[in-house]
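Please open the structure in the viewer and keep the selection tool at hand. The tour proceeds from one selection to the next and describes what is found at each stop.

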Amino acid sequence: FPFPYTPYRIQEQFMEALYGALEAGRVGIFESPTGTGKSLSLICGALSWLRDWEEKRRQEEARLLALGAGGQDGLTPQKARPGSADTAGQPDWVTAFVQKKEERDLVDRLKEEQIRRKKREDHLEKIRNNVQLKYAAKRQRCEEDEAKRLLQLSKEALSQGAGEGTLDQLDQNEEELILAEYESDDEKKVVSGLEEDDDLEEEHVTKIYYCSRTHSQLSQFVREVQKSPFGKDTRLVSLGSRQNLCVNEEVQRLGALQLINDRCMEMQKNKHEKKSNEENEGKKRRVSRTICPFYSFEQMQFLRDEVLVEVKDIEQLVSLGRETKACPYYGSRFAIPAAQLVVLPYQMLLHEPTRNAAGIKLKDQVVIIDEAHNLTDTITCIHSAEVSGSQLCCAHSQLSQYMERYRKHLKAKNLMYIKQILYLLEQFVAMLGGNVNQNPGCQAVSQTGTVLKSINDFLFQSQIDNINLFKVQRYCEKSRISRKLFGFVERYGGPASAVKTNKENQKLAGLQDFLLTLQQGSDKEGTPQSPPVEAEHDQLRTASPLMQIEGFLSALTNANQDGRVILNRQGTVGQSSLKFLLLNPAVHFAKIVEECRAVIIAGGTMQPVADFREQLLCCAGVDPAHIVEFSCGHVIPPENILPIILCSGPSSQQLEFTYQTRDLPQMMDETGRILCNLCNVIPGGVVCFFPSYEYEKQVYGHWEKTGLLSRLAAKKKIFQEPKKANQVEQVLVEYAKCIKRCSQTGGQMTGALLLSVVGGKMSEGINFSDDLGRCVIMVGMPYPNIRSPELQEKMNWLDRTMPRVAGQAPSRVLIENLCMKAVNQSIGRAIRHQKDYASILLLDHRYARPAIFNKLPQWIRERTQVKPAFGSAFAELRKFHRGKLDAL
C-alpha cells in the first residue's frame, strides 16, 4: 500500500482487512483507536482497492473490445452456444442472432464509455496544465461583472424619473405568497433545467462515499487525503448543506437551514420561469423576481472541473465559489458522477430524500461511515421528530389567516389540502388536551404526564386515520406551503409593520398579538434566560412552525411496528409536545446495505460491537456470514498507559455510585479525597468525568461547603465544563494556558483539574493529548436514565423482537452497552499519539464485573489492573508518573 511514511504494523493489518472486505463486497465493522492513523489507513487502503479495481475493469474492457474487433465468437462463453437445446424451444439461428446482437451492443457500449472517459480525462488534464484557460475565464467574468454594473447604473438613472411603479411593485411581491395551482400528477416534470445538458448525464464511475459527523471532521479527512500519496490524482468532491456552501449573502442571512433551502429553491424556480414569463408578458411586467447570480450553468461547470482537477476541502470550495461567481452547493453536485471519492456528512447519506436530492446513487458503490460509534442513535435522531403545542397552535393560526386573506385567489385543490392540514393541527392539539383557538400558554393541561402510543393507535384516537398522510406530505413538499406561510408572516406578523385598521388588517393584528403572547409565553418558562439562549429561541421562531410539523407528519408515515408516538403533557398546552420516536433504525439502513457493493462502519471506539451486529445489520437483513469485524490495538507501548479499576477509597469506603448511594455525603467526600491525593502526584492536566451535569453540580457544591474544594484548588486550578456550547472553546483555552504556565514556572500549582460530564461537550471530539490529560478519572457508571419513557419503550421493543444474549435480556444488554459506549468515548480522549502517556482511573467496583470489564476496548482491557484498596492503586499511580517524569 502506498503510504506517506512507514506505516505501523497495525495500519498494515487494517489496510489488508479493509482491502479484503471491499474486494469480497462485505459489511465491515472496523475499530482502530484514535491516534493510530485511522484516517490515513482508510484512505490508503480504500483508494488502493479502487485503483486496482479500475485497472482490472480497464483490462477486462480492453479484452472484450479486442474480441469484438476480431469478430470472434468467444465473447460470452457462458451463454448457450448455437446448436444447443434452448429452454424456450427457439431455433438455433434465433439464439445465435440474439447472442451476437447482445455482444455487439456490449462492445458498442464499452466503446462509448471509453470515448466519454477519454474525453473527460483529456478535459481535466487540459485544465490542470493550462493556466491561460483559467485566466481567460477569470477575465471573461470580470467583463461580465462590469457590463452588469453599467446596466444597473443606467436602469437606476431611468427609474429616478418614474415613481409611479411603486404601487404595482407591492402587489407584484405579494403575488409570490400565493400558492400556484397544485397538480399532484406532474411530479415527473424536471425541476431543474440543468438536467437537459448532455454532459451531465454521465455514468457514475465506481466510487467511495466517505461520511463523518461534522464538517470539521470532514475537512480534516480531506486534508489527510491531500497529504497522502493519492492527493494529486484522486478526483474528490466535498458535499455539504446549503448552510455551509451557499455563497449568496442575502440567502445566508436567513440563518435557519429550512429557510435557506426554500429561498434557494425559489430563486431557481424564478430562473426557470423567467423565460416563459418574458415571452408571454412582453414589457407589461416591470418587476422581475430575484434570481441567484451564482446559479449560472457555465460557471458551475467551470467550478465542477476545478473541483475534479484538484482536491479541495469545504473552505477552499466556498472561496473558489466566491471567486468564480459559481454556486459551490450545485457545482459540487455536478462533480459526483465523475468523482472517485465523495466526502459528505452523515445526514446526507442516511436520509433517503436528501440522498436522492443530492444525486447520490449507491448502486454497487462503496460506503465508509467513520466516527460511527453512535450510528444507531444518529439514524434514530434523523428520523425522529418533535412538535410543541405552541408550534401547533401558531401554525394553525397562521394558516387560518393565510387562507382567509387569499381564499379568492386559491384553487379548489389548494383549499382542500389547507383545510386538511388545519384539521390535522386541531386534532393534534386536542390530543394534548387543548383547544387550537385559545392561547396555548394560558391553557392548563388537566392530565399531565407522558403517554406512549403506537402509530396506528395515535391516528385512530386523534381521528385522522381517514386522511392520507402520504398525499398531505407530498402536497407540503410540492407546493412549499411552509415557505409561502413564512413569507406571509414575515410580511404581516412582525410587530414592526404598520397595520391599517380595516377589517382584513384587524385579523392580522390579532395574529401579531397571538405571536407576541406566544413569544412571552415561551420566555416565561423556567428562569429568566440569558441572551445566547434567547437568540437560539429567536432563530427557532423565525422558521415557520409548519416546517417542524411537516417533519412530524412525515415520521407518522413509518410502519406501525417501527415507531411510537409520545404524548408529553406538561403544565400548559404550549409546553406540551408530540414526539415521534423511531424504534427500529435498521429499516432506514437496510436500503444502503442492499444497494452498496460494500459498507464499512469505522470508529476509534466501536466496543461493544454486538449493538451494530444485532440491532443494525442483522435487522437490516445482512447475512451474519457477510459481516467482517476488525479491531486493532494501540500504537503506544504497553508501559505508556496505566488503567486502574478502583474498588474503594482512602478511608476504605466501597465505591459504588448507584442512584441510591451516590448522593450520600460519605461518597462525595471519598471522591474528593481520591482527587486530592491524585492531584499531589499527577503533573499537568487531570480530567474528571461525572455521569451528569446535575451530579457534577451537586458534588461541587458539597466540596465547597466542606472546604475540600479549596484544598484541591491549592494544587490544581479548577475548571468546570460549561453547559453552553459557545463557551466550551473559551474554557479549553484557559485550561490549556494554565497547564502551560504551571509547567514553565513550577511552584506549588502543578496544573489544572477539569470537571467534565459524560456525553457532554468534552467527551467527544476533543483531544486531551500530552499535558492536557495525564489522567482521566471516571466517577461511577454513566447509566442512562432508565425512567425516560423513550428508553423504556426501546427496552420493551428489544425484549419483544430480539433473542436473549448469554441468558441476559436484550434490554439489560442495551443499558450496559449505552453506559460502556459513553465510558469508552470519554477515556479514549487521553491517548492521542504514539509517544503520549496517561493513567485512567475507573471509580466503581462494578467495573470489575466480567460482563462490564469485557466491554472495555481491548487495548485498555489488556493493561487494566483491578485494585481493591486505595493504597496500592495510589502507589502504582505515583510510580507510573514519577517514572515518566524521570524519563524526560
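The tour begins with Asn640, and it should be kept in mind throughout that the model is predicted. Select Asn640 together with the residues that it touches. Leaving aside its neighbours within four places in sequence, Asn640 is in contact with Ile831, Gln834, Lys835, Asp836, Tyr837, Ala838, Phe880 and Lys884. Is Asn640 buried or exposed? Its relative accessible area is 9%, so Asn640 counts as buried, the limit being under 20%. To place Asn640 in the chain, select strand 11 (627-631) and strand 12 (641-646): Asn640 belongs to the loop between them.

The next stop is a sheet. Select strands 6, 7, 8 and 9. In what order do the four strands lie? They form an open sheet in the order 6-9-8-7, with antiparallel pairing. At the edges stand strand 6 (385-388) and strand 7 (449-454); each has a single partner strand, so one side of each is left without a neighbour in the sheet. On average, neighbouring strands of this sheet are turned by 15° against each other, direction ignored.

Now restrict the selection to strand 8 (residues 563-570) and strand 9 (residues 572-582). These two strands pair in the antiparallel sense over seven bridges. Within this pair, Leu567 stands opposite Leu578 in strand 9.

Add helix 16 (residues 389-406) to the view. Helix 16 packs on the sheet and touches strand 6 and strand 9; the direction of helix 16 makes about 70° with that of strand 6. Then add helix 23 (residues 545-555), which lies across strand 6, strand 8 and strand 9. Helix 23 runs at about 130° to strand 6.

The last stop concerns empty space inside the model. Rolling a probe the size of a water molecule over the atoms shows where empty space is left. How many cavities of 30 Å³ or more does the structure hold? There are four, and the largest cavity contains about 150 Å³ of space.

To find the largest cavity, select Cys246, Asn248, Cys264, Cys292 and Cys327, which lie nearest its centre among the 15 residues of the lining. Next, display helix 9 (257-281) and helix 12 (328-334), each of which supplies at least two residues of that lining. The largest share, four residues, comes from helix 9. Colouring the lining of the largest cavity by residue class completes the tour: 12 of its residues are nonpolar, two are polar and one is charged.

Methods
Residues numbered from 1 in each chain as written. Predicted model: local features only at pLDDT ≥ 70, side-chain atom pairs only at ≥ 80, totals over all residues. Heavy atoms only, no water. Buried < 20%, exposed > 50% of the residue type's maximum accessible area, 1.4 Å probe, protein only. Contact = heavy atoms within 4.5 Å. 1 Å grid on protein atoms, 1.4 Å probe; cavity = no way out; pocket = protein on both sides within 12 Å on 5 of 7 lines; lining within 4 Å. Points joined across faces, edges and corners; volume = space filled by probe spheres on them. Nonpolar A, V, L, I, M, F, W, Y, C, P; charged D, E, K, R; others polar. Pairing = 2+ DSSP bridges. Axes fitted to C-alpha atoms, helices over the stretch in contact; angles between N-to-C directions.
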